[in-house]
Amino acid sequence: MTNSAAPDSALAKLLAFYSPLIAEIHPDAERLRARTHAWAQQFDLGAGSTRLTTMLAQTGADFTAHALPHAPGEIAQAFSDYNAWAWFPSEFAGSGRPTSDVVASLARWERTFRSPNSWPDATAPADIAIRDVCLRLRSLLTPVQWERFAAGQCQWLYHMAWEASLLEQGATLSVNDFLAMRIGSGGASAAAAFMDAAEGIELSEQQWLRPAVRAAAEASMLASVLDNDRYSYLRERDLPVKKLSLFDAIRHDHPDYTFEQAVIKAVAIRDRMMALYLQLRGELLAGGDDDLGRYLTGLDRMASGNINFAMTTGRYLLPDSPHTVTRVDKPSDPSTTPLPYPTIAWWWGTASHGDS
């Protein structure tokens with residue numbers, strides 16, 4: 001069975017998301033959208049395509065409003081503009097361009113995070129736009145907040161280069177290989193790197209480096225990446241450039257699986273990540289550290305808001321599809337045992353105060 005022939009029962013499972021976390025929306029959501037649209041037009045973010053410019057602006061603003069509802073004032077606006085830009089390299093890396101071109105651009109943007117004024121005479125819209133927003137964010141954030149934010153984005157760009165090279169090779173991945181790659185290319189670390197600035201904190205290095213804190217951030221944000229892959233499926237399944245997917249990785253490990261069985265397995269993997277996050281979150285909150293509590297609250301809102309984002313943004317809504325994103329109260333797999341994938345299995349060892 002081809003993906004395009006996936007039965008309705010599989011798609012219903014694909015778009016039902018387990019999340020008991022509270023969702024919020026930024027109080028200035030409409031203002032963020034209007035100003036980000038003006039910013040994207042100013043820099044011609046779609047490189048001549050009015051439709052692409054509008055899509056990038058709306059997607060960036062909608063994601064910010066749902067995923068970063070606590071971000072204050074001009075920081076929220078700068079993040080909204082940045083997120084409009086961030087969907088551009090995501091589109092670019094998966095466009096089928098030669099990997100050498102993709103890597104050259106990603107590396108140039110990575111250096112812009114490290115040194116925003118590296119190319120003051122740049123003419124490409126994406127180069128000019130990222131320079132502008134990096135300079136604004138660096139002026140608005142504390143040095144610690146900026147360094148953590150920039151480091152997360154650089155890791156994301158590097159892993160997108162990895163994904164592009166795998167696509168060019170026509171690689172087939174195991175589930176472990178897919179998760180190792182996708183946690184970076186999907187932006188799990190990049191998303192967690194917003195938290196200090198969005199929540200107005202500087203999490204101490206002692207807390208930042210705790211294995212349980214890192215595991216909680218990775219589990220919640222990789223679950224969100226897999227959520228994105230699920231609600232992106234209907235839009236992306238018929239694109240000329242085929243993306244690497246968890247469904248294909250599962251069928252690589254289990255060649256006898258149907259697509260529907262792969263969906264059930266993928267949802268179970270994601271739900272066990274979310275369940276572990278909730279366990280780690282509860283244990284970490286019991287410690288009573290205020291900044292850590294606000295950091296975890298930020299992760300909560302991003303993971304939950306990412307689902308609401310899928311329900312509302314035009315990028316993922318398909319008017320001709322009868323399938324809609326829904327929330328469910330219980331995980332599809334209640335197991336609390338570690339997932340059998342070495343790249344993430346260590347997360348479970350940090351639970352029950354395993355890092356203390």
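Here are three short exercises on helix packing and cavities in this predicted model.

**Exercise 1.** Work out how α4 and α6 run relative to each other, and which residues hold the contact.

*Solution.* Start with the geometry: α4 covers residues 73-93, α6 covers residues 125-140, and the two pack at an angle of about 150° with their axes 10 Å apart. Angles over 145 degrees count as roughly antiparallel, so that's the label for α4 and α6. Their crossing is left-handed. Now look at the side of each helix that takes part: α4 brings E74, I75, Q77, A78, F79, D81, Y82, W85 and F88, while α6 brings A126, A129, I130, V133, R136, L137 and L140. Sort these by class and you get twelve nonpolar, one polar and three charged residues.

**Exercise 2.** Do the same for α5 and α6: what is their angle, and which residues meet?

*Solution.* Helix α5 spans residues 99-114, and it packs on α6 at about 20°, with the axes 9 Å apart. Angles under 35 degrees count as roughly parallel, so α5 and α6 get that description. This crossing is right-handed. From α5, pick out R108, W109, T112 and F113; they meet A126, D127, I130, R131 and C134 of α6. The tally is five nonpolar, one polar and three charged residues.

**Exercise 3.** Find how many cavities of 30 Å³ or more there are, and say what lines the largest cavity.

*Solution.* The count is three cavities. The largest cavity holds about 40 Å³ of space. Its lining consists of T112, P116, W119, A122, D127 and R131. By class, that's three nonpolar, one polar and two charged residues. Check back with Exercise 2: T112, D127 and R131 also turn up in the contact of α5 with α6.

Methods
Residues are numbered from 1 along each chain as its sequence is written. This is a predicted model: local features need pLDDT of at least 70, side-chain atom pairs count only at pLDDT 80 or more; totals for chains, interfaces and linings use all residues. Side-chain values use heavy atoms; hydrogens and water are left out. Axes are lines fitted to C-alpha atoms, for helices over the stretch in contact, and angles run from 0 to 180 degrees between N-to-C directions. Helices (H or I, at least four residues) and strands (E, at least two) are DSSP runs, numbered from the N terminus. Angles under 35 degrees count as roughly parallel, over 145 as roughly antiparallel, 65 to 115 as roughly perpendicular and the rest as oblique. A crossing is left-handed if the near helix is turned anticlockwise from the far one by less than a right angle, and right-handed if clockwise. Contact means heavy atoms within 4.5 Å. Ala, Val, Leu, Ile, Met, Phe, Trp, Tyr, Cys and Pro count as nonpolar, Asp, Glu, Lys and Arg as charged, and the others, Gly among them, as polar. On a 1 Å grid over the protein atoms alone, a cavity is a set of points where a 1.4 Å probe fits but cannot get out, and a pocket is an open set with protein on both sides within 12 Å along at least five of seven lines; lining residues have an atom within 4 Å of a point. Grid points are joined across faces, edges and corners, and a volume is the space filled by probe spheres set on the points.
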